[in-house]
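This report covers the nonpolar core, one strand with its pairing partners, and some backbone exceptions. The structure comes first.

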Amino acid sequence: MTQIQALQTWHNGHHFRARVEARWAVFFEHMGVSFDYEPEAYSDGQTAYLPDFLISLRLSAPDNRFEPKVFFEVKGAQPTPEELAKARMLAKLTNKHVLIAFGSFSSGFKSIPTPVMFSVKPDGAVDGLFHWSHCQGCDAFTFQRVTAFSDGCRCGYPHASSALAAAYNAARGARFGVHE
Ligand SMILES: [Zn+2]
C-alpha cells in the first residue's frame, strides 16, 4: 500500500482522489443536491483543468425553477495564486461560478461550519468568504457570504437549517473504505 493509494476513497460508486472530496459527496447527498464528480476537463489552449465537482444549486422562490450549476473545487489549504488563476480560467471559459472550499471538516470558524469557500465569478473576480446555506422554509440550497449569514433567506427563514447542520456532521463523521 502506497501513501497515495491510501488517500483514495471509494464512496457510493465513486472513486475519490482525496478523502475530503468523499466527505463533500456525503454532504451533497444529505442535502439532496445532485453533483457530477470530475465531470469534464477544460483547457484554454495552454492549461488543462479537471474540476472536482459540478453542483446544482436550488434557488428560493420565485427563481426556484432554475437550478444553476456551479463548479466546486476542494483544496486542503487556502488556494494559491496559481490555483486561483486556473479557477478564473474555468469560470471565464464556462460562464459559471467556481467555488473553492478549503480547510478541514474538523476545525470550526467561529460559529460558521468549515470548510469555507472563495467564489470566482464568471468575470474572474475573486470574492469571499462564503458558506453553503440551506433554507428550511423554501428548501433553497446555495452559497452565502459568511458575514451576511444571519440576514436570512428572502422567504423569512434563516440561511442555516437543521438539515444543513446534519449534513456537515455526516460529512465530518463519515467512515470510508480504502481502495488499494
Ligand atoms: Zn427560503
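## Core and surroundings

In this predicted model, the largest nonpolar core has 40 residues, and W24, F27, V98, L99 and I100 are those with the most contacts inside it. At least two residues of this core come from each of α2 (19-30), β6, β7, α3 (81-94), β8 (98-102), β9 (116-120), β10 (126-134) and α4 (162-173). Helix α2 gives the largest share, 7 residues.

L99 can be followed further. Apart from neighbours within four places in sequence, L99 is in contact with V70, F71, F72, E73, M117, S119, F130 and F143.

The protein has 4 helices and 12 strands, and 32% of its 180 residues count as buried. The C-alpha trace spans about 50 × 40 × 30 Å along its principal axes. The radius of gyration is 16 Å, which agrees with a compact globule because such a globule of 180 residues would have a value near 16 Å. Of the contacts between residues at least 6 apart in sequence, 48% join residues at least 24 apart.

## Strand β6

In a regular strand, side chains alternate between the two faces of the sheet. Strand β6 (residues 53-56) has F53 and I55 on a covered face, while L54 and S56 are on an uncovered one.

Strand β6 pairs with strand β3 (residues 35-37) in the antiparallel sense over 3 bridges. Strand β7 (residues 69-75) also runs antiparallel to β6, and 4 bridges join the two. L54 takes part in both pairings: D36 stands opposite L54, and in β7 the bridge partner of L54 is F71. F71 is also among the contacts of L99.

## Backbone exceptions

Most residues other than glycine have a negative phi, and most peptide bonds are trans. Two residues with positive phi are listed here.

| Residue | Phi | Place | Other C-beta atoms within 10 Å |
|---|---|---|---|
| E38 | near 45 degrees | loop between β3 and β4 (42-43) | 15 |
| N95 | about 60 degrees | loop between α3 and β8 | 9 |

How exposed are these two residues? E38 is partly exposed, because 15 other C-beta atoms lie within 10 Å. N95, with 9 such atoms, is exposed, since the limit for that class is 12 or fewer.

Which two residues does a cis peptide bond join? The bond lies between G128 and L129, with omega of about -5 degrees. L129 has its place in strand β10.

Note on methods
Residues numbered from 1 in each chain as written. Predicted model: local features only at pLDDT ≥ 70, side-chain atom pairs only at ≥ 80, totals over all residues. Buried ≥ 20, exposed ≤ 12 C-beta atoms within 10 Å, placed from the backbone. Pairing = 2+ DSSP bridges. Core = buried A, V, L, I, M, F, W, Y, C linked by C-beta atoms within 7 Å. Contact = placed C-beta atoms within 7 Å. Rg over C-alpha atoms; globule rule 2.2 N^0.38 Å.
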